[in-house]
Amino acid sequence: MSESGSDNNDIKRDLPNELAILPLRNSVFFPGAVMPLTIGRAKTIRLIEEATRDNSLLGIVTQKAPEIDDPEQGELYTIGTAARIIKLARTGRDGFNIVVEGVSRFRIKDFTQDDPFFTAEIETLHDQGVNDVEIDALSLNLKTTAREVIDMLPEIPVMAKQLLESIESPGHLADLITANIDATIEEKQRVLEAVTLKDRLNVVLELLSRQFEVMKLSNKINNQVRGEMSKTQREYYLRQQLKAIKDELGDKDDDEAGVEELEKRLSEVGLSEDAMKAAQRELKRMRNMQPSQAEYTVARTYLEWLADLPWEKTTVDNLDLKNAQDQLDEDHYGLDKIKKRVIEYLAVRKLKDDMKGPILCFVGPPGVGKTSLGRSIADALGRDFHRIALGGVRDEAEIRGHRRTYIGAMPGRFIQGLKKTGTKNPLFLLDEIDKLGSDFRGDPSSALLEVLDPEQNKAFSDHYIDVEFDLSSILFIATANQLDTIPAPLRDRMEIIEVPSYTSEEKLNIAKNYLLPKQRDAHGISEEHIVVPDETLMSLITSYTREAGVRTLGREIASVCRSIAVEVASTPEGESFETVTVDAAKLEDIMGPAKYFNEVAERTAVPGVSTGLAWTAVGGDLLFIEITKMGGKGSLILTGQLGDVMKESAQAALSWMRSNAKALGLSTSLEENFLEKVDLHIHFPAGAIPKDGPSAGITITSALISLFTGKCCRADTAMTGEVTLRGHVLPVGGIKEKVIAAHRGGIKRIIMPAKCEKDLRDVPQSVKDDLEFIFATTLDDVLENALEGGHPAGRNVITQPRAQA
């Protein structure tokens with residue numbers, strides 16, 4: 001499309017009221033433009049013949065769908081350009097070649113004829129908002145951008161820039177640029193339909209700026225590609241010259257020397273037979289490749305991994321049992337069961353030198369020292385230690401490695417750990433094994449089955465190394481907060497050792513002997529600056545922390561030390577610092593008011609509230625159950641984010657109470673139809689925490705009977721146990737953690753299933769000495785000891801005999 005010399009789009013004269021309409025495909029025609037057209041459609045030929053005969057103008061309108069040969073009225077845009085024919089040439093009997101010049105914009109008001117060609121009633125569209133300073137600024141920016149585009153296209157003649165400079169009309173400038181830039185039909189039509197100059201210039205400036213950015217990026221990419229090709233060709237030529245010169249001088253290439261050095265390392269590390277074959281194969285490939293090839297780097301990296309692995313290098317275990325016991329006692333207080341297991345391993349290892357490393361799994365709440373215990377065991381044995389964090393790992397390649405066909409491939413974490421430790425028999429700590437994930441990239445827990453199976457890990461195959469490596473000498477220790485999330489096949493391969501919660505006395509010893517000295521050293525103070533009595537430490541334990549481990553306790557002690565460190569640092573030079581004894585008043589001044597207090601008596605002071613015991617992944621905890629009744633239609637409402645098992649326990653407790661209403665001495669209205677008139681709402685506070693399991697059965701039952709009899713549950717009593725519809729109390733798990741939690745919460749009496757008495761063997765004696773245990777076989781035993789004043793009926797209501805074996 002070219003440009004006429006006149007500013008036709010600024011013509012202010014009106015067009016005729018009616019024009020013949022010429023549909024245009026694949027283009028948009030602008031005022032002031034000159035365009036050659038080939039006429040071939042029958043309707044269009046008739047139109048041109050009549051327009052030529054009458055020397056009249058015609059209206060050129062773009063089709064919405066260019067593939068249509070015979071468009072309808074609705075398939076044409078309503079705004080087009082009036083044009084005059086300035087040149088015509090017939091091409092045979094059925095066609096014309098014409099050249100048209102755009103005159104002015106127009107809008108179709110109504111079509112007046114469809115056959116033999118379109119005619120329409122039109123209105124002339126003049127440019128609006130001509131005299132405006134902003135128009136001049138936009139026009140200047142448009143010209144500047146157009147110059148930059150022309151400068152990037154050397155094939156455009158100089159006349160184009162001269163033509164650009166000669167145009168003074170902003171509207172004409174916008175039309176000219178739009179007609180010649182790379183834009184879609186819709187975008188160009190949008191410019192044609194912009195009658196207001198400000199809108200038109202903004203649209204065109206946006207289109208031209210976009211094309212300018214595309215051209216800049218294209219030129220940048222082309223320059224980079226040409227530069228890289230030239231650089232590669234130049235390097236190849238120089239490298240061939242250098243090779244020829246070195247051959248003449250008899251010098252060896254650096255890369256060749258590196259290959260020989262690598263081959264020497266591989267021969268000295270004690271590779272297995274299969275690994276040596278793989279290494280020789282890769283060395284042969286490397287010698288036939290140029291160092292600049294990508295495959296060369298891949299092969300070299302693979303061989304370096306083979307050379308760095310400890311195929312035969314091991315450390316000698318320290319089998320001195322007394323030394324190991326002293327080391328473990330120095331680092332950790334308590335944990336006798338775990339220490340005993342480590343000593344047993346050392347004893348057997350001392351007697352049988354070829355014993356395979358055990359696979360232990362420490363299960364317990366956070367903060368009880370599972371991870372640090374693994375490091376202490378490594379120190380006691382004299383082995384290198386490596387921790388592998390498995391929490392959140394979802395990719396199987398983290399375990400088995402990536403295949404070398406992938407870019408950036410690496411071995412799995414176990415092979416990486418062996419390279420890092422440099423020995424074949426380190427201690428690997430698999431931290432948070434219960435938090436492994438899985439997705440479309442595979443299941444890491446399934447990949448771990450081979451690693452943790454003593455019968456299979458002696459021939460472990462990593463996808464990257466692709467040869468067997470013996471992991472049987474490694475001592476694996478895993479840590480977890482709970483066993484439920486560990487798949488059964490993986491759990492079956494490990495020896496489970498439970499790490500219990502700490503009692504208050506144990507926390508006191510840990511704080512006094514481990515945490516306080518550690519925090520003093522960390523904060524640059526000493527015993528001359530701070531003294532913390534046992535009473536203050538116990539206050540920190542009971543009033544400022546409530547946890548199974550000692551992680552939070554360590555942070556609170558650090559807060560105390562920081563406060564004293566500020567006082568020490570603020571002491572003027574030359575003055576001696578007077579030792580600070582942190583008593584109760586000083587502790588409250590530093591830490592603020594107590595965060596935790598015994599609320600059992602307060603919460604159970606009304607009927608319908610009972611105290612239960614729960615087991616969680618972070619240790620045992622007290623569980624309050626609140627029940628209220630109201631008039632209604634017999635609905636049972638359960639709230640507190642409960643699981644299905646706990647909901648069933650609540651239903652079983654309600655069914656037992658309903659079936660024994662008369663025997664329990666409840667009002668007669670409760671014997672038959674009380675559920676039809678009373679709604680019950682059972683709520684488990686701390687609603688944001690999910691709760692499930694059967695152990696709240698007797699606690700719910702006690703709260704129900706308390707509500708309907710008006711007798712409060714004893715404030716010093718907590719309970720746990722599953723209930724049946726016949727009123728029997730069944731055993732539950734987590735007794736040790738629950739008992740410690742009750743002791744920590746100030747409970748004095750615990751009601752539990754009689755069959756759980758054996759589980760008290762693992763509870764520290766100091767805890768058992770402070771508690772009274774009631775062992776229940778039926779709900780009668782529970783009610784007698786849970787409610788103030790004893791059993792509501794004063795006698796047993798369960799008469800059903802137990803099944804005899």
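These legends go with a set of close-up views of a predicted protein model.

**View 1. The whole chain, seen as a spread-out fold.** The protein is built from 26 helices and 25 strands. Its radius of gyration is 44 Å, while the globule rule gives 28 Å for 805 residues, so the protein is more spread out than a compact globule. Lay the C-alpha trace along its principal axes and it spans about 120 × 100 × 75 Å. Even so, buried residues account for 47% of the 805. Take the contacts between residues at least 6 apart in sequence: 74% of them join residues at least 24 apart. The accessible surface adds up to about 40,100 Å², and carbon and sulfur atoms hold 49% of that. As for charge, there are 99 positive and 128 negative ones, and their mean positions sit 3 Å apart.

**View 2. Where to trust the model, and where to go easy.** Mean pLDDT for the protein is 83, with 91% of residues at 70 or more. Among the elements, strand E24 (residues 749-753) has the highest mean pLDDT, at 94, and strand E1 (residues 2-3) has the lowest, at 56. Residues 5-12 fall below 50, although this stretch has 23 contacts in the model beyond near neighbours in sequence. Residues 800-805 also stay under 50, and for them the model has four contacts beyond four places in sequence. Where pLDDT is low, the predicted coordinates should not be read in detail.

**View 3. Helix H18 and what covers it.** Which residues of H18 (residues 534-543) are buried? They are Thr 536, Leu 537, Leu 540, Ile 541 and Ser 543. The cover over these buried residues includes three other helices: H17 (504-522), H19 (551-570) and H20 (584-591).

**View 4. A cis peptide bond ahead of Pro 116.** Look at the link from Asp 115 to Pro 116: this peptide bond is cis, with omega near 10°. Pro 116 belongs to the loop that runs between strand E6 (96-113) and strand E7 (118-125). For background, most peptide bonds are trans.

**View 5. Two loop residues with positive phi.** Most residues other than glycine have a negative phi. Asn 26 goes the other way, with phi near 65°. You'll find Asn 26 in the loop between strand E2 (18-24) and strand E3 (33-39). Is Asn 26 buried or exposed? With 59% relative accessibility, Asn 26 counts as exposed. Asp 466 has a positive phi too, at about 60°. Its loop is the one between strand E11 (460-461) and strand E12 (468-469).

**View 6. Two acidic side chains tucked away.** Asp 175 is part of helix H4 (residues 170-180). Asp 175 is buried, with just 1% relative accessible area. Leu 201 is 26 residues along the chain from Asp 175, and their C-alpha atoms are 9.2 Å apart. Glu 101 is part of strand E6. Buried or exposed, where does Glu 101 fall? Its relative accessible area is 9%, and as buried means under 20%, Glu 101 counts as buried. Between the C-alpha atoms of Glu 101 and Gly 32 there are 6.4 Å, with the two residues 69 apart along the chain.

**View 7. Arg 413 and the residues it touches.** Arg 413 sits in helix H14 (residues 413-421). At 25% relative accessibility, Arg 413 counts as partly exposed. What does Arg 413 contact, leaving aside neighbours within four places in sequence? The answer is His 386, Ile 388, Ala 389, Val 393, Glu 398 and Ile 399. Another arginine, Arg 400, is 13 residues away in sequence, with 7.8 Å between its C-alpha and that of Arg 413.

**View 8. Ala 718, a buried strand residue.** Ala 718 lies within strand E21 (residues 717-719). With 0% relative accessibility, Ala 718 counts as buried. Once neighbours within four places in sequence are set aside, its contacts are Thr 611, Leu 613, Ile 747, Arg 749, Ile 750 and Ile 751. How far apart in space are Ala 718 and Phe 460? C-alpha to C-alpha, the two are 51 Å apart, with their positions 258 residues apart in sequence.

Conventions:
Residues numbered from 1 in each chain as written. Predicted model: local features only at pLDDT ≥ 70, side-chain atom pairs only at ≥ 80, totals over all residues. Heavy atoms only, no water. pLDDT = per-residue confidence, 0-100. Helix = DSSP H or I, 4+ residues; strand = E, 2+ residues; numbered from the N terminus. Contact = heavy atoms within 4.5 Å. Rg over C-alpha atoms; globule rule 2.2 N^0.38 Å. Buried < 20%, exposed > 50% of the residue type's maximum accessible area, 1.4 Å probe, protein only. Areas by Shrake-Rupley, 256 points an atom, 1.4 Å probe, with all protein chains shown as cover. Lys, Arg positive; Asp, Glu negative; His and termini not counted. Charge placed at Lys NZ, Arg CZ, Asp CG, Glu CD.
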